[in-house]
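Here is a protein chain to explore by question and answer. Keep the structure in view and check each step against it.

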Amino acid sequence: MTSRRTFIKNSSLAAVAVLTLPSLAFTMNKKEIGLQLYTLREELPKNVKGVLEKVAAAGYTTVETYGFSIKDQFWGLTPSELKKILDNNNLKAISGHYNSGSFLADGNTTELMAAIEAAKILKNEYFTIPWVDEPLRKNIQDYKTIASRLNQAAQLCKDAGLKLAYHNHDFEFLKHDGVTGYEILLKETHKDLVFFELDLYWVVFSGNDPLRLFKENPGRFKMWHIKDMDKLKRTLNTEIGSGTIDFKPIFKEAKLSGMQHIFVEQENNFAQNAIESIKTSCDFISKNLI
């Protein structure tokens, strides 16, 4: 199985603003349920057209891409070719997980700018940083450096008509001298430039409460990854509604979060096969959560 690492690698006034400004309201179209295509990483590169047809047939209207590289583009397809297939299936690529090359380490923008161009062609709304390599996140200063790089990348994205988001795992919630890396990222990034894609599974896995994050950082979590936790082995995923995460109280606070887009992601442990699993998750969300 291909690892993700291969591909990539506050205040009461703010709370009032979230509750009162239309631009920060919970505006997600009830019909828009997205899929992080990494879920189908075993199938997709072999038959992009056929797999995306199945994604649409399973009930999804938006997707989040992954896997872009300067050499191979998207599994041998140019961004324009992929965009055409998406359009033919009435799928919108709202966000993409993009490798920024060595930018987070040394500020080199070569791969970052190539990825931004790809995101523009796909008409992404969000350019999402999905991963930080372990050597770059050892201490508080490392996280401050990451935050500074995110601010720089976010400005480049804004100049290109995109918004930058950061996707978490569990390692951001480790404490460094009493403060978590995630707290540093939230504090040190510009709230009008850097947004967050909250992976709910990893938040819960790390022992944290998404609702507390919403209350402390209202409006910053524009996207969510919806990923359930297996009842028997918490390191495994399962279909939405089949695991231990109670998503209903989380969705009730979507407005406070600032959430506008959701993406199902399941990295492993499919009950039948990946396509059946994504349909099960989509159906549960449509009937029970939105």
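Q: Which residue stands opposite His167 in strand 8?
A: The model is predicted. Strand 5 and strand 8 are parallel partners, joined over 4 bridges. Across this pairing, the residue in strand 8 opposite His167 is Glu197.

Q: Which residue in strand 9 stands opposite Asp199?
A: Strand 8 also runs parallel to strand 9 (residues 223-226), with 3 bridges between them. Opposite Asp199 in strand 9 stands His225.

Q: How many of the residues of strand 8 are buried?
A: Side chains in a regular strand alternate between the two faces of the sheet. On one side of strand 8, Val194, Phe196 and Leu198 are buried; on the other, Phe195, Glu197 and Asp199 are buried. Both faces are therefore covered, and strand 8 is largely enclosed by the rest of the structure. The count of buried residues is 6 of the 6.

Q: At about what angle to strand 8 does helix 8 run?
A: Helix 8 covers residues 181-188. It lies across strand 5 (163-167) and strand 8 (194-199). Its angle to strand 8 is about 150°.

Q: How many strands form the closed barrel?
A: The barrel runs in the order 1-2-3-4-5-8-9-12, with parallel pairing. The twist from one strand to the next averages 30°. Strand 1 (residues 34-36) pairs with strand 12 (residues 261-264) over 2 bridges. The closed barrel has 8 strands.

Q: Which residue of strand 12 is the bridge partner of Leu35?
A: Strand 1 and strand 12 pair in the parallel sense. In strand 12, the bridge partner of Leu35 is Val264.

Q: What arc do the buried residues of helix 4 cover around the axis?
A: Helix 4 (residues 79-88) has Pro79, Leu82, Lys83, Ile85 and Leu86 buried. An α-helix has 3.6 residues a turn, so residues three or four places apart point the same way. The buried residues of helix 4 sit on the same side because their arc is only 160°.

Q: Which exposed residues does helix 4 carry on the face turned away from its buried side?
A: The buried residues of helix 4 pack against helix 3 (48-57), strand 2 (62-65), strand 3 (92-97) and helix 6. The face turned away from that buried side carries exposed residues. They are Lys84 and Asn88.

Q: At roughly what angle do the axes of helix 6 and helix 7 cross?
A: Two packed helices are described by the angle between their axes and the distance between the axes. Helix 6 (residues 110-122) and helix 7 (residues 140-159) have axes that come within 11 Å. Their crossing is right-handed. The angle is roughly 35°.

Q: How many nonpolar residues are in the contact of helix 6 with helix 7?
A: From helix 6 come Leu112, Met113 and Ile116. They meet Ala153, Leu156 and Cys157 in helix 7. The contact has no polar and no charged residues. The nonpolar count is 6.

Q: Is Thr180 buried or exposed?
A: Thr180 lies in strand 7. Leaving aside neighbours within four places in sequence, Thr180 is in contact with Glu172, Phe173, Leu174 and Lys175. Its relative accessibility is 7%, and the cut-off for buried is under 20%. So Thr180 counts as buried.

Q: What is the relative accessible area of Asp177?
A: Asp177 lies in the loop between strand 6 (175-176) and strand 7 (179-180). Its phi is near 55°, a positive value in a residue other than glycine. Asp177 is exposed, with a relative accessible area of 77%.

Terms used. Residues are numbered from 1 along each chain as its sequence is written. This is a predicted model: local features need pLDDT of at least 70, side-chain atom pairs count only at pLDDT 80 or more; totals for chains, interfaces and linings use all residues. Side-chain values use heavy atoms; hydrogens and water are left out. Two strands pair if DSSP finds at least two bridges between them. Axes are lines fitted to C-alpha atoms, for helices over the stretch in contact, and angles run from 0 to 180 degrees between N-to-C directions. Contact means heavy atoms within 4.5 Å. Buried means under 20% relative accessible area, exposed over 50%, partly exposed in between (1.4 Å probe, protein chains only). A crossing is left-handed if the near helix is turned anticlockwise from the far one by less than a right angle, and right-handed if clockwise. Ala, Val, Leu, Ile, Met, Phe, Trp, Tyr, Cys and Pro count as nonpolar, Asp, Glu, Lys and Arg as charged, and the others, Gly among them, as polar. The arc is that of the directions from the helix axis to the C-beta atoms.
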